[in-house]
Amino acid sequence: MFLSTLTTVTALVLFVGQFFLQYFFSTRQAKWPGFILPAVCVLFGAVYALNATTVPAAIAAFLLGGGLPFVLHFALYKLGRTRLEKKNRDRIEKMNIQDL
């Protein structure tokens, strides 16, 4: 009982944690860390698709194994970059006001 609960909690933490990690990477000054997890999702999707036996199974494997997580990670990337750009724009505007 304890082992199955521990496994479930660990899987849930890893599943939810990846989205927090993606948002954290997306809000860094450098752009490339935010592309790490979406790229991993695409690679996983490609591996799943290459292991499928039929074309419909390959399409489903790619979409479920990499496509859907890629869309979620990329949406978090865009959200984080938008908030970072707004924060930078506000900081520059504040500096411009202080210069006057």
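How far apart are the end C-alpha atoms of α2, and what span should its 16 residues have? The views below come from a predicted model, and the first of them takes up that helix.

**View 1. Helix α2 from end to end.** The end C-alpha atoms of α2 sit 23 Å apart. At 1.5 Å a residue, its 16 residues should span 22 Å, which agrees. Look for L37, P38, C41, G45 and A49 here: these α2 residues are buried. Seen down the helix axis, the buried residues of α2 fall within an arc of 115°, so they line one face. That buried set packs against α1 (2–26) and α3. Turn to the face pointing away from the buried side and you meet the exposed residues L43, L50 and N51.

**View 2. A stacked ring pair on α2.** There are 6 aromatic pairs in the structure. One of them joins F44 and Y48, whose ring centres are 6.3 Å apart and whose planes meet at 15°, so the pair is stacked. Both residues belong to helix α2 (residues 36–51), and being 4 residues apart puts about one helical turn between them. In an α-helix there are 3.6 residues a turn, so residues three or four places apart point the same way. Buried or exposed, or something in between? F44 has a relative accessible area of 47%, which makes it partly exposed. Y48 is partly exposed as well, at 42%.

**View 3. Phenylalanines on α3 and their ring cluster.** F70 and F74 make a stacked aromatic pair, with 5.7 Å from centre to centre and 20° between the planes. They sit 4 residues apart in helix α3 (residues 55–99), or about one helical turn. F70 is partly exposed, with a relative accessibility of 29%. F74 comes out at 31%, and it too counts as partly exposed. Zoom out a little and the pair turns out to belong to a cluster: ring pairs link F35, F70, F74 and Y77.

**View 4. Q22, a buried glutamine on α1.** Q22 is part of helix α1. Its relative accessible area is 0%, so Q22 is buried. What does the side chain of Q22 reach at 3.4 Å? The partner is the backbone oxygen of H73. Setting aside neighbours within four places in sequence, Q22 is in contact with G34, L37, P38, H73, L76 and Y77. Two of those names may look familiar: L37 and P38 are among the buried residues of α2, while Y77 belongs to the ring cluster of the previous view.

**View 5. T27 and Q29 in the loop between α1 and α2.** T27 lies in the loop that runs between α1 and α2, and Q29 is in that loop too. The side chains of T27 and R28 are joined by a polar contact of 3.2 Å. Residues up to four places away in sequence aside, T27 touches G80 and L84. Q29 is exposed, with a relative accessible area of 56%. With neighbours within four places left out, Q29 is in contact with R81, L84 and N88. Q29 and L84 are 55 residues apart in sequence, yet their C-alpha atoms are 7.9 Å apart in space.

**View 6. The salt bridge on α3.** Side chains of opposite charge can pair when their charged atoms come close. The structure holds 1 salt bridge, and it is formed by K86 and D90. Their closest N and O atoms are 3.1 Å apart. Both residues lie in helix α3, 4 residues apart, or about one turn of the helix. K86 is partly exposed, at 45% relative accessibility. D90 also counts as partly exposed, at 37%.

**View 7. T82 and the backbone of K78.** T82 is another α3 residue. Which backbone oxygen lies 2.7 Å from a polar atom of the T82 side chain? That oxygen belongs to K78. T82 is partly exposed, with a relative accessible area of 48%. To place T82 relative to Y23, check the C-alpha atoms: the two residues are 59 apart along the chain, and these atoms are separated by 11 Å.

Key: Residues numbered from 1 in each chain as written. Predicted model: local features only at pLDDT ≥ 70, side-chain atom pairs only at ≥ 80, totals over all residues. Heavy atoms only, no water. Phe/Tyr/Trp six-rings, centres within 6.5 Å; stacked < 30°, edge-to-face > 60°. Helix = DSSP H or I, 4+ residues; strand = E, 2+ residues; numbered from the N terminus. Buried < 20%, exposed > 50% of the residue type's maximum accessible area, 1.4 Å probe, protein only. Expected span 1.5 Å × (residues − 1). Arc of directions from axis to C-beta. Contact = heavy atoms within 4.5 Å. Polar contact = N/O pair within 3.5 Å; in protein donor to acceptor, adjacent residues only side chain to side chain. Salt bridge = Lys/Arg side-chain N within 4 Å of Asp/Glu carboxyl O.
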